[in-house]
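Let's take a walk through this one, beginning with the ligand and ending with the empty space inside the protein. Keep the 3D view open as you read.

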Amino acid sequence: MGTDFRYNTGATRVPWAAVGENYNVHDLMEIIAFLMQGEGKEYDDAMKAVWEQVKKLEAVATPPGKLSLGSNVEAAEKACNEYLGIDSCAFVTNATAGFEIAYKYAGLKAGDEVIVPAITFVATMAYPLAIGCKLVFADVDPKTINMDPEDVARKITDKTKMIVPVHIGGYPVDLDPIMELAKKHDILVLEDAAHAFGAMYKGRKIGTIGDFAAFSMHEVKNITSFGEGGIVTTNVPGFAGEMKRARFLGLDFTCPIKDWLYNITPIQGKHEPFVAGNYSTTEIQGLGLKLQVARNEEIIEKRRKAAEYLTKRFTENDAIIPQDLGNDDIKPTFHLYLLQIDPAKAGGDVQILKKKLEEKGVTQIAHFGPLYRFKVVQDMGYDSDEIAKTCPNCEEVFYKRFTHLPLYGLSDEQLEYMADAVLESVAEMQRGE
Ligand SMILES: *Cc1c(COP(=O)(O)O)cnc(C)c1O
C-alpha cells in the first residue's frame, strides 16, 4: 500500500504520529491472559513468571506508532496473494464488507435482480436486500446443496445484475457454467467464499475465478484474524488497486498529505463512480491472519482426514449418503461435513436424526436454512411459500435429507463417538425406534 501519507510529513520537531494512546505492559498482560486462558496454581505461577519478564519490556520496548492498515496488514495480504496465486487482495473487516465493495462496484439499484442460492447465510444477501434489489433464489444441487447452475440459467432475466455462488461448507460450486452464463448476459459474478479459503476448482483456487470473491476469517471459519476479518479479491481489470481505496473512504496512501482534499475521489464502478465506505483492519488482525494463513494447508489436511474417516464409517449403512471427498477437479476445504440420508431407506427424515444426535450429545450446527424463509426476507415483502415452489430441491434436502457435522479440533475418540452416534441413530430409525 506504500507509505501512509498521514505520517509522511518529512523532518519535523513535532511529529503528527503521536495522536493516540499506546498500549502498556499492563494492557499486554491482560491481552496474554485473554488469549491464553486457564486456572489453577500451575497456570497462576506461569502467569506470574510471564509478568516478571513482560515488566522488563517497559524500559526497553517502543510501542508501535501504527495500529491500523500498516505493514502487518500488508504482510497478511501478501501471504494471501502468494497462497491464492494472485497479484492483489484487500484485507477488510469481514466477508460481508468485501461483498459490499463488489455490490457497490456493480452499481446495484432498487429493482435490479441478484441471484443467490436458496441455501446460504444472510450475510450473502444483506446488501442487495438492504437497498431494495430483488433477490432471486436459485435452487440447489441436491448432491452438494450448492447453487444449481441449471436453475440459475432458468432464473436469469434482463434485470439480472449479479450471480452470487456460495461454496457451502467449502465444497466448490460448479463455476464453469455459471461463468459462461455471466459472460453471455454481461452479469458480474461474486463468489461467497466464506468457507472456501484454499478450496480448488479444476486446478484453480476458489476465490480467484469470479469477478469478485470474499473469504471470511470470522472466528467460526477455518482460519481467523482475531475473530473478524475478510479477504476480498477481484478479477476486474484495473480494479485491484482501486479496491484498496474502496476499503478506506477513497484515500490514496501514496499521495502527499497536502493533496488530501483533492485526492479523495469516488471509486470508479462498472457504470458509474461510487463513494467508498470504511472497512479497515488493524495491525493486530493482520499479524493474526498472516500466522494462520501459513497453517492453512495443514488445517485443511486435518479436516480432510477427519472427513475421510467419517465417510468410510458411513458406508456401513446405505441409508447414509456420506460427504463427497472431492477428486482431481474438486478439492473442498471441509469446513463442514455434509451428512445426508435417504429418508426412504432410513425410515424417517433428517429431523428425526437431528433430534437423536442432539440426545446423544452431538452438536447440531446452526444451519444454513432456506434463505427465503428467514424472517428478515419475509418482512421485506417476499412470499416464502411462493418462492419455495421454485426451489423444490432446497425444500427436500433441508427438511428431509441433510445436516452438517463439525470436523475440526475433535479427538479421535470424539470423532469415533460422532460416527457411532450417527450409525446408531440411523439403525434405530430403521428399527422404527
Ligand atoms: C460466515 C459467512 C459469511 C459472512 O462472513 P463474515 O466474515 O462474518 O462477514 C458469508 N457467507 C457465508 C456462507 C457464511 O457462512
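Helices here are DSSP runs of H or I with at least four residues, numbered from the N terminus. Bear in mind, too, that this is a predicted model.

With that numbering in hand, find helix 4, residues 95-106: it gives three residues to the shell around the ligand, the largest share. The whole shell comes to 17 residues, and the closest are Thr96, Asp192, His195, Ser216 and Lys221. By character, the shell splits into seven nonpolar, eight polar and two charged residues.

Now zoom in on some of those closest residues. The side chain of Thr96 has an N or O atom 2.5 Å from an oxygen atom of the ligand. His195 does something along those lines, with a side-chain N or O atom 2.6 Å from a ligand oxygen. Asp192 deals with a nitrogen atom of the ligand instead, and its polar side-chain atom sits 2.7 Å away. As for cover, the ligand on its own has 390 Å² of accessible area, and the protein covers 93% of that.

What about the space itself? The ligand takes up the second largest pocket.

Next, look for enclosed space. There is one cavity of 30 Å³ or more, and the largest cavity has a volume of about 40 Å³. Its lining is made up of Ala194, His195, Ala196, Phe197, Ser216, Lys221, Asn222 and Ile223. Sorted by type, the lining of the largest cavity has four nonpolar residues, three polar and one charged. You've met some of these names already: His195, Ser216 and Lys221 are also among the residues closest to the ligand.

Notes. Residues numbered from 1 in each chain as written. Predicted model: local features only at pLDDT ≥ 70, side-chain atom pairs only at ≥ 80, totals over all residues. Heavy atoms only, no water. Near = heavy atom within 4 Å. Polar contact = N/O pair within 3.5 Å; in protein donor to acceptor, adjacent residues only side chain to side chain. Areas by Shrake-Rupley, 256 points an atom, 1.4 Å probe, with all protein chains shown as cover. 1 Å grid on protein atoms, 1.4 Å probe; cavity = no way out; pocket = protein on both sides within 12 Å on 5 of 7 lines; lining within 4 Å. Sits in = over half its atoms within 2 Å of the grid points. Helix = DSSP H or I, 4+ residues; strand = E, 2+ residues; numbered from the N terminus. Nonpolar A, V, L, I, M, F, W, Y, C, P; charged D, E, K, R; others polar. Points joined across faces, edges and corners; volume = space filled by probe spheres on them.
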